[in-house]
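Let's take a walk through a protein together, one step at a time. Keep the picture open beside you as you read.

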Amino acid sequence: MDRFIKYTFAVIGIILGLLLLWVWRQPLLSAAGVLVGGMTVAFLSYPLTALLERRIKRGIAAALTVLIVILAITGLLVVVVPVFARQIRDLIDRMPSYLSAMWTFLRSLDDWLTELGLGAPMDSLALDPARMSAVIGGFVARIPGMAGSMTSVIARIFLVPVVAVYLLRDRQAIFERLQLLLPASKRPMAIRAGKAARRVLATYVRGQITVSLITGTLTAIALAFVGLDGYLVLGAGMAVFNLIPVFGPFLGAVPALIVAAASMRLSTVLITAACIFGVQQFESAFVTPRVIGQGSGLHPVAIIMALLVGGGVGGVMGMLFAVPVVLIVRAAWRAANDEHFSVATPPPRKPHEPSRRKGG
């Protein structure tokens, strides 16, 4: 009877907790966003902090690291934002001509498919310029209403570096307190899993960001030589989408091809496609092997399945986090179930020590 009462109260407590989470979901999501942002900044800034800690105190090193990151980002924004804003404004001003050119192309494709006896796909999609203009007009009308929410977003952005400083400064104490939450018998396994997950995540995230920045920069330079409008914006879009394995390059190429198609010249479209393809091949053959080695080690089918699940759960953001989550789970599972698992790099062999090969 006592056990039944305990289980009943436990179930009631869980239900009440879930209800409170649902009622307070908006402020909790805002707080979670600040925490995740701070953890991301701290995670990416850790190598510099560890380097500075060799000469100065940990708290000063953490604050100085975040300050350096903020100054670097600010300097980059001061240089890039004016050009970036001008290109965005030009793209918005020319949006009607882009839509008109895209509509003309789709209509030509529709007529060609109709002549082949494949029906009229455009009619089945029920697309027309009036509806497209209404959708775009509705979006533009909602822009002033976004100002209030932007104020809250900016406030949260300013809190991110503050959280990052505290996480970098107190990381050892936080780690020790988290260990105390676990039973003593499970702590070695949890420590192995945590270290393995951290190492895999650090290698993957820093490598992917580096590769994406290089790919986006090369794409912007190539599109600038082609003469496309908004080449800087299109290159930045390619850098962001390139963070998504497999599907990312295709998604990043779509805006550039739309802008190229607006020129109504087939040669421009073909040259743009060739430039994007060339940059992707260069990245696959030379950049990725040198930055992140042989990649994640996941089978392509596993990556595709993870992306599909992530996209279904969280859209583009879900696709961004899908592969890192799978890598973390795999590394943690392997380390937790292998008592002899080591996250340290094995010591190099001595010059006279022969290598051990199977069958030798």
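A good place to begin is the outside of the protein. Helix H1, which spans residues 2-23, supplies six residues to a nonpolar patch, the largest share of it. This patch lies on the surface and is made of Ile-14, Leu-18, Leu-20, Leu-21, Trp-22, Val-23, Trp-24 and Leu-28. Together these residues offer about 870 Å² of accessible area. One of them, Leu-28, sits in helix H2, which covers residues 25-52. Is Leu-28 buried, exposed or partly exposed? Its relative accessible area is 40%, so Leu-28 counts as partly exposed.

Before going further, please keep in mind that you are looking at a predicted model. Now step back and take in the whole fold. The protein has 13 helices and zero strands, so if you follow the elements from the N terminus on, you read α-α-α-α-α-α-α-α-α-α-α-α-α. The chain counts 360 residues, and 24% of them are buried. The protein exposes about 24400 Å², with carbon and sulfur atoms supplying 72% of that area. Contacts tell you about the fold as well. Among those between residues at least 6 apart in sequence, 69% join residues at least 24 apart.

Let's move inside. In soluble globular proteins, nonpolar side chains tend to be buried together. In this model, the largest nonpolar core has 12 residues. Its members are Tyr-204, Val-205, Ile-244, Leu-298, Ile-303, Ala-306, Leu-307, Met-319, Leu-320, Ala-322, Val-323 and Leu-327. Helix H9 (187-226) and helix H13 (300-336) each provide at least two residues of this core. Which helix gives the most? The answer is H13, with eight residues. There is also a second, separate core of 11 residues, and among them are Leu-228, Val-233, Met-238 and Ala-253.

Two of those names come back when you look at helix H10, residues 231-241. Here Val-233, Leu-234, Gly-235, Met-238 and Ala-239 are buried. What do the buried residues of H10 pack against? Their partners are helix H3 (58-93), H9, helix H11 (248-261) and helix H12 (266-291).

Helix H9 deserves another look, this time at a glycine. Gly-194 lies in this helix and is partly exposed, because its relative accessibility is 39%. Follow the chain to Ile-328 and you will have gone 134 residues from Gly-194, yet the C-alpha atoms of these two residues are separated by 8.8 Å.

Next come the charged side chains. How many salt bridges does the structure hold? There are three. Glu-53 takes part in a salt bridge with Arg-58, at 3.4 Å from N to O. Arg-58 has a relative accessible area of 32%, so this residue is partly exposed. Glu-53 also forms a salt bridge with Arg-171, where the closest N and O atoms are 2.9 Å apart. That pair connects distant parts of the chain: Glu-53 belongs to the loop between H2 and H3, while Arg-171 is in helix H8 (residues 171-180), 118 residues apart. Put these bridges side by side and you see a network of salt bridges that links Glu-53, Arg-58 and Arg-171.

The remaining bridge is between Arg-169 and Asp-170, whose closest N and O atoms are 2.9 Å apart. Are these two residues buried, exposed or partly exposed? Arg-169 is partly exposed, with a relative accessible area of 37%. Asp-170 also counts as partly exposed, at 26% relative accessibility.

Our last stop is a meeting of aromatic rings. A pair of aromatic rings is described by the distance of the centres and the angle of the planes. The count for this model comes to one aromatic pair. The rings belong to Phe-282 and Phe-286; their centres are 5.4 Å apart. Why is the pair called tilted? The planes stand at 35 degrees, and the tilted class takes in angles that are neither under 30 degrees nor over 60. Both Phe-282 and Phe-286 are part of helix H12, where they are four residues apart, about one turn of the helix. Phe-282 has a relative accessible area of 40%, so it is partly exposed. Phe-286, at 44% relative accessibility, counts as partly exposed too.

Conventions. Residues are numbered from 1 along each chain as its sequence is written. This is a predicted model: local features need pLDDT of at least 70, side-chain atom pairs count only at pLDDT 80 or more; totals for chains, interfaces and linings use all residues. Side-chain values use heavy atoms; hydrogens and water are left out. Patches are made of residues with over 30% relative accessible area and no salt bridge: like charges are joined within 9 Å, nonpolar side chains (Val, Leu, Ile, Met, Phe, Trp, Tyr) within 5 Å. Accessible areas come from the Shrake-Rupley method with a 1.4 Å probe; for residues, only the protein chains shown count as cover. A salt bridge is a side-chain nitrogen of Lys or Arg within 4 Å of a carboxyl oxygen of Asp or Glu. Buried means under 20% relative accessible area, exposed over 50%, partly exposed in between (1.4 Å probe, protein chains only). A nonpolar core is a set of buried Ala, Val, Leu, Ile, Met, Phe, Trp, Tyr and Cys residues joined through side-chain atoms within 4.5 Å. Contact means heavy atoms within 4.5 Å. Rings of Phe, Tyr and Trp (its six-membered ring) pair if their centres lie within 6.5 Å; planes under 30 degrees apart count as stacked, over 60 as edge-to-face and the rest as tilted.
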